[in-house]
Amino acid sequence: MNPMLRLLKLATLIALLACLPFSSFAQTDDEIERRIDDLMSKMSLEEKIGQTALRGTSSRVKGALPQKLKDAVARGEIGAFLNVMKPEYVDELQKIAIEQSPNGIPLIFARDIIHGFKTIFPIPLGMAASFDTEVAKNAARVSAIEGSSIGIRWTFAPMVDIARDARWGRIAESSGEDPYLGSLMSEAYVEGFQGDDLTDPTSMAACAKHFLGYGAAEGGRDYNTAVISDPLMRNVYLPPFQAAIDAGVLTFMSSFNEVNGEPVSGSKYLMKEILRWNMGFNGFVVSDWNSVIEMIPHGYAADEKQAAELSVKAGLDMEMTSAAYDNHIKELLAEGKISLGELNFLVRNILRVKMKMGVFETPMRDPAIQPNFYAEENLELAKQAATKSMVMLKNDKLLPLGEGMDIALIGPLANEGREQLGTWSFDGEKDPSVTPFEAMEGDISGFSRGLAYSRSYEKTYFKEAVKVAKKSDVVVFVGGEEAILSGEAHSRANIDLPGAQVELIKEIAKTGKPIVLVIMAGRPISIMNVIEEVDAVMMAWHPGTMAGPALKDVLMGMAEPGGRLPVSWPKSGAQAPIYYNHKNTGRPASQESFVQIDDIPVGAWQSSLGNNSHYLDLGFTPHFPFGYGLGYTTFSYSDIEITSQEMSRGGSVTVSATIKNTGNRKGKEVVQLYIQDVVASLTRPVRELKGFKAIELEAGASQKVNFTIVADDLKFFNRTGNKVLEAGIFKVWIAPNAAEGLTTSFELK
């Protein structure tokens, strides 16, 4: 670089720094906008286009950095990188950007850090099962601290898609089916990743994804079409994204799919009118991997050039991996198909985020901050998260396991450190993971993997497993899915236990030994074909690095299984999508009128059996409802009360119930509040979660639990896109899950 130019750049940087307050690089919004104005006035067209380019590989840059890549950085033609995992490469590229590029604009380095960097926490669906926002916040904070130590300052998380279909592989990465719970978890993740100060070197820019409707893919098939009415979009799919914005999220990601015929990466309606104008987002939007040019096979863009045009006009700020912007923005400007103002809009959004993060002031990693992976306190947080996430679905007085019992540990996932980490754990490691076998080795009488891996049909280990079972008092079978069977592009039509697991469990059951089925999986697993063979079922999800110690504590009764289902658990993949907050229909299903297929007489006269909405073979309810989960004690709900049968628009009502621990040991309960708007201008769900409280009671103790309901809890978006509050009758439940509970009602005047 020319020495005079370098001096000029240094003087410019000093001048910019002089305008900043002394502490923490704090800047007002107006100051940031003035800095952007000044910088934009000096940038060439090539530099502006360069800021929109996110470059990297599908996993990581291997070998030496290509000279061609370094030259592009020196020319200011790249704005950000993903998957550059060697700290020395991060340092080298950043040094080139700030010392050699025309205006010294720093890069940001990104990575998919979803539920842990090195210390892996439970998959997000598991963390949502905790019904504890601190679990999500802690996981994100640990992730940010570990990842930022090697230079990663941007993560493609949290995924806040509403997921109603267990067949969809990426349900594992979601917080489940409920917008209220999803919104709370969304806020917690953003706060955890970004921290209290965006300029802190451990702060990591969060990215709310996938905007929008990715979890509504038809048939649970990844990348597929989504058809979402405007009221459904605003009432169900948008709230977690709005929560992320309200929490200060810096970036969004556009989704692969189309919504109502428009691929999101080219939808001006979704990304400008909804996201920018209605929701108030002012960070930047990055495309998902190649999603700009995938508008061509969608049939929305004729070629790469038109794809670039559509995305620029939609306000998509940064293009991930594909190069439609690089290749065509100049030409589109020359032809008048896009304007310089439209390009400037994108660049300003990117620069605004970089300035908020303080990377102009501190672009280089602090060498004094050394990686501290698997810190003891972080492993403890990961263990607590796994414990709080586990959901006990069945317990025929078998758990917790008694002292001195001979335990046979069997199953293909009982000693697989890598598989227990789950999907999206690129940087997690097998060896530091503590498996159930490693944690329980001193407590078991025998071990057999039973199957070589979860999908195996080979029966080589069957005899060994049965032999081990016969010598025990109880069998703990750890099965489910390998990590690769859930996540992106890993949808399943049949969500039963894969391979020969069911057959193996049935062989073990013939020994007469009681069985605890522990499921490690990225989605609900259909267990109708094995539920009668086992005495207890524990859903552990993919629990992460500390799966073994957490599972041991729960099985032995040293800790409660703290989770509640964040999704409805289907009887079969054929029952999906199934979700608790469905509509009633004109012929709502009921147990009284339901006719099961085997109850239909042969030769029966043709009729509308049951005359309501159900499946003849699977009925109309899930195997386990949303919010469900057992503990090691029992609770009763009684004495529901409401402060008034009427509520004014500016007022509130308080509803309460008495919760009593009716068991013989201390325990925790997640008390849930549901509401139904009985009659409205748009039909409303049969129930909607509006609050929950976790309580802990000694045996025999009771507590009055109160919930206050205000107008905001009763509002919804109508067909014109307005959020309305309509008078009428509202039902209220205080309940242990979405299928039970005490009910009362009030009228909104």
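**Exercise 1.** In this predicted model, determine which ring the charged end of R687 sits over, and place that ring among its aromatic neighbours.

*Solution.* Begin with the charged end of R687, which sits over the ring of Y674 at 5.5 Å from the ring centre. This satisfies the distance part of the criterion, because CZ of Arg has to be within 6 Å of the ring centre. Next, follow the ring of Y674 itself: ring pairs link Y674 with F131, Y180, Y580, F626 and F692 into a cluster. As a second case of a charge over a ring, take K272, whose charged end sits over the ring of F345, 5.4 Å from its centre.

**Exercise 2.** Classify the aromatic pair formed by F81 and F109, and state which strands the pair ties together.

*Solution.* A search of the whole structure finds 23 aromatic pairs. In the pair of F81 and F109, the centres lie 5.9 Å apart and the planes make an angle of 10 degrees. Since planes under 30 degrees apart count as stacked, the pair of F81 and F109 is stacked. F81 belongs to strand β2 (residues 80-82) and F109 to strand β3 (residues 108-111), so the pair ties together parts that are 28 residues apart in sequence. For the surroundings of the two rings, consider accessibility: F81 is buried, with a relative accessible area of 1%, and F109 is likewise counted as buried, at 2%.

**Exercise 3.** Locate the residues K397 and W424, each with a positive phi although neither is a glycine, and decide whether each is buried or exposed.

*Solution.* The background to this task is that most residues other than glycine have a negative phi. K397 has a phi near 60 degrees and is found in the loop between β11 and β12. With a relative accessible area of 83%, K397 is exposed, because the cut-off for that class is over 50%. W424 has a phi of about 55 degrees and is placed in the loop between β12 and α17 (436-440). At 12% relative accessibility, W424 counts as buried, because that class covers values under 20%.

**Exercise 4.** Find where the prolines of the cis peptide bonds A157 to P158 and L399 to P400 lie.

*Solution.* Most peptide bonds are trans. The bond from A157 to P158 is cis, with omega near 10 degrees, and P158 lies in the loop between β4 (154-155) and α8 (179-194). The bond from L399 to P400 is also cis, with omega near -5 degrees, and P400 is found in the loop between β11 (391-395) and β12 (407-410). The loop between β11 and β12 also holds K397, treated in the preceding exercise.

Conventions: Residues are numbered from 1 along each chain as its sequence is written. This is a predicted model: local features need pLDDT of at least 70, side-chain atom pairs count only at pLDDT 80 or more; totals for chains, interfaces and linings use all residues. Side-chain values use heavy atoms; hydrogens and water are left out. Helices (H or I, at least four residues) and strands (E, at least two) are DSSP runs, numbered from the N terminus. Buried means under 20% relative accessible area, exposed over 50%, partly exposed in between (1.4 Å probe, protein chains only). Rings of Phe, Tyr and Trp (its six-membered ring) pair if their centres lie within 6.5 Å; planes under 30 degrees apart count as stacked, over 60 as edge-to-face and the rest as tilted. A charge sits over a ring if NZ of Lys or CZ of Arg is within 6 Å of the ring centre and within 35 degrees of the ring normal.
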